[in-house]
Amino acid sequence: MTRAGKKAPAARPVARFRLRVTAGEAIFVGPGKIALLEAIRDTRSITAAAKSMGMSYRRAWVLVDELNGSLASAAVESAIGGEHGGGSTLTALGHELVDVYRRIEATAARACAGDLAQLLELATPRRGSGDAARRRTRRRTRPAARDR
C-alpha cells in the first residue's frame, strides 16, 4: 500500500525469452552468461563486469572459465598486470556468441509477437475486475451449505 492507503498499481506483465543451451545438467550458454559477456565487453574487466551485475568476482570468473572451456576457442581473453592492472576483452568468438544469442531472441520475439500480445492480454486484469469480481469468484467456489 502507498502512503495514501491506496494500493500501488500492479506491475504490467512482460514476456521474456530465456533461452538456455544445456549439455546434460550444465548450462553451456544462457541469459546470465550472455549478460556477463556484454558487461565484460562494456567494462573491459571481469571485476567491473561482476560488480555491475551484483555478482562476486569469483562467480564471474567461474562462469567465464566454464564458457571458455566449452568452446572451440576462448570467448574472453584476459591480460594480467600492466600499467593499468590488465583487463579482459571479448574475442571475435565472444562477440559472435553474444550477437547470435541476441539475434535468436529477437527472431523468436518477432515470430511470436501475436501470441505474446494475446498472452499478455490474458495476464492483464480487466477494469472493474477488482473486489467485486473476487467476491463473485469466491461465492462460486464455496461449497453449498447442503454440501458442507
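Helix α1 passes helix α4 in a left-handed crossing, and that meeting is a good place to start exploring this predicted model. The two helices pack at an angle of about 130°, and their axes are 10 Å apart. From there, this briefing moves to two residues worth finding on screen, G30 and E38, and then to the protein overall.

**Where α1 meets α4**

- To find the pair, look for α1 at residues 31-43 and for α4 at residues 92-111.
- Two packed helices are described by the angle between their axes and the distance between the axes.
- An angle of about 130° falls outside the range that counts as roughly perpendicular, 65 to 115 degrees, and is not over 145, the cut-off for roughly antiparallel, so α1 and α4 are oblique to each other.
- On the α1 side, the residues that take part are P31, I34, A35, L37, E38 and R41, and they meet G94, H95, L97, V98, Y101 and R102 of α4.
- Sorted by class, this contact has 7 nonpolar, 2 polar and 3 charged residues.

**E38, a charged residue in the contact**

- E38 sits in helix α1 and belongs to the set of α1 residues that meet α4.
- The relative accessible area of E38 is 18%; because buried means under 20%, E38 counts as buried.
- Setting aside neighbours within four places in sequence, E38 is in contact with V98 and R102, both of which are α4 residues in the helix pair described above.

**G30, just ahead of α1**

- G30 lies in the loop that links β2 (26-29) to α1 (31-43).
- With a relative accessible area of 4%, G30 is buried.
- Not counting residues up to four places away in sequence, G30 touches L19, R20 and Y101.
- Y101 is 71 residues from G30 along the chain, yet their C-alpha atoms are separated by 8.5 Å.
- Y101 is also one of the α4 residues that meet α1, so if you have just been looking at the helix pair, you have already come across this partner of G30.

**The protein as a whole**

- The protein has 6 helices and 4 strands, and along the sequence they follow the pattern β-β-α-α-α-β-β-α-α-α.
- Of its 148 residues, 22% count as buried, with G30 and E38 among them.
- Taking contacts between residues at least 6 apart in sequence, 48% join residues at least 24 apart; the contact of G30 with Y101 is one of these long-range links.
- The accessible surface comes to about 11100 Å², and carbon and sulfur atoms account for 54% of that area.

How values were computed
Residues are numbered from 1 along each chain as its sequence is written. This is a predicted model: local features need pLDDT of at least 70, side-chain atom pairs count only at pLDDT 80 or more; totals for chains, interfaces and linings use all residues. Side-chain values use heavy atoms; hydrogens and water are left out. Buried means under 20% relative accessible area, exposed over 50%, partly exposed in between (1.4 Å probe, protein chains only). Contact means heavy atoms within 4.5 Å. Accessible areas come from the Shrake-Rupley method with a 1.4 Å probe; for residues, only the protein chains shown count as cover. Axes are lines fitted to C-alpha atoms, for helices over the stretch in contact, and angles run from 0 to 180 degrees between N-to-C directions. Angles under 35 degrees count as roughly parallel, over 145 as roughly antiparallel, 65 to 115 as roughly perpendicular and the rest as oblique. A crossing is left-handed if the near helix is turned anticlockwise from the far one by less than a right angle, and right-handed if clockwise. Ala, Val, Leu, Ile, Met, Phe, Trp, Tyr, Cys and Pro count as nonpolar, Asp, Glu, Lys and Arg as charged, and the others, Gly among them, as polar.
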